[in-house]
Amino acid sequence: MALTMRAAVAAPRGLLRLFCTNSTASSPTFPFTSTPPSGATSTRQMADPSTNLFVSGLSKRTTTENLRAAFQKFGEVVHARVVTDRVSGYSKGFGFVQYATLEDAAKGIEGMDGKFLDGWVIFAEYAKPRPPPGEAASNMTKQYGRPY
DNA sequence: GCTGAGCGA
């Protein structure tokens with residue numbers, strides 16, 4: 001039942017795998033039955049391992065405290081932030097959570113991905129690395145993209 | 001006060 005609800009709710013990038021569960025072609029009458037080059041059905045759910053977690057599917061009224069409290073139960077959360085709009089001031093519906101270690105981040109994903117928060121199904125995934133400032137590095141030396 | 005896919009001050 002849980003897998004059905006994940007497919008119903010908007011999924012980030014792993015949604016495509018749910019629709020492509022059929023391996024061997026059952027209708028050889030189609031000209032598009034060309035055998036795929038790879039054929040591997042694994043190693044697709046894990047992105048680049050990092051302590052930064054991208055949490056999406058958050059409720060509009062979910063705050064940073066709720067996000068941190070929800071992920072802190074699975075590991076030590078170093079930093080948590082719910083992205084809010086600068087103009088309206090309301091949350092955009094997604095946030096970022098950074099764990100102390102990679103294993104805590106993995107446990108956080110396995111523990112909070114596809115779970116309910118504020119009545120909405122949230123999705124935990126590794127966040128993409130942010131571009132460095134390049135110049136003026138004397139202001140903020142630490143960046144959440146590359147903790148190591 | 002809020003739209004509901006997507007990546008931040």
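Just one salt bridge turns up in the structure, which is a predicted model. The partners are Asp-104 and Lys-107, whose closest N and O atoms sit 3.5 Å apart. Both belong to helix 4, and because they are three residues apart there, about one helical turn separates them. That fits the general rule: an α-helix has 3.6 residues a turn, so residues three or four places apart point the same way. The two ends of the bridge have their own surroundings. Asp-104 has a relative accessibility of 11%, so it counts as buried, the cut-off being under 20%. Lys-107, at 44%, counts as partly exposed.

Next comes the sheet. It is an open one of four strands, in the order 2-3-1-6, with antiparallel pairing. Strand 2 and strand 6 are the edge strands, each pairing on one side only. From one strand to the next, the twist averages 25 degrees. Two helices pack on this sheet. Helix 3 touches strand 1, strand 2, strand 3 and strand 6, and its direction makes about 145 degrees with that of strand 2. Helix 4 touches strand 1, strand 3 and strand 6, with its direction at about 150 degrees to that of strand 6.

As for the pairing itself, strand 1 and strand 3 run antiparallel and are joined by five bridges. In this pair, Phe-54 stands opposite Phe-96 of strand 3. Strand 2 and strand 3 also run antiparallel, with six bridges joining them, and here His-79 faces Gln-98 of strand 3. Strand 2 and strand 3 make up a hairpin, with six residues between them. Gly-89, in the turn, has a positive phi of about 95 degrees.

Then there is the nonpolar core. In soluble globular proteins, nonpolar side chains tend to be buried together. The largest nonpolar core here has 18 residues, and those with the most contacts inside it are Leu-53, Val-55, Leu-67, Phe-71, Val-97, Tyr-99 and Ile-122. At least two core residues come from each of strand 1 (52-56), helix 3 (64-72), strand 2 (77-84), strand 3 (91-99), helix 4 (102-112) and strand 6 (123-126). Val-55 gives a good look at how these pieces meet. Neighbours within four places in sequence aside, Val-55 is in contact with Leu-67 and Phe-71, with Phe-94, Gly-95 and Val-97, and with Ile-122 and Phe-123.

Helix 3 has three buried residues: Leu-67, Ala-70 and Phe-71. They lie on the same side of helix 3, because the arc they cover around the axis is only 90 degrees. Packed against these buried residues are strand 1, strand 2, strand 3 and strand 6, along with helix 4 and strand 4 (116-117).

Finally, a look at a loop residue. Ser-59 lies in the loop between strand 1 and helix 3. Is Ser-59 buried or exposed? With a relative accessibility of 5%, Ser-59 counts as buried. Its contacts, not counting residues up to four places away in sequence, are Ser-91, Leu-117, Asp-118 and Trp-120. Of these, Ser-91 falls within strand 3 (91-99), and Leu-117 within strand 4 (116-117).

Key
Residues are numbered from 1 along each chain as its sequence is written. Chains are lettered from A and ligands numbered from 1 in the order in which they are written. This is a predicted model: local features need pLDDT of at least 70, side-chain atom pairs count only at pLDDT 80 or more; totals for chains, interfaces and linings use all residues. Side-chain values use heavy atoms; hydrogens and water are left out. A nonpolar core is a set of buried Ala, Val, Leu, Ile, Met, Phe, Trp, Tyr and Cys residues joined through side-chain atoms within 4.5 Å. Buried means under 20% relative accessible area, exposed over 50%, partly exposed in between (1.4 Å probe, protein chains only). Contact means heavy atoms within 4.5 Å. Two strands pair if DSSP finds at least two bridges between them. Axes are lines fitted to C-alpha atoms, for helices over the stretch in contact, and angles run from 0 to 180 degrees between N-to-C directions. A salt bridge is a side-chain nitrogen of Lys or Arg within 4 Å of a carboxyl oxygen of Asp or Glu. The arc is that of the directions from the helix axis to the C-beta atoms.
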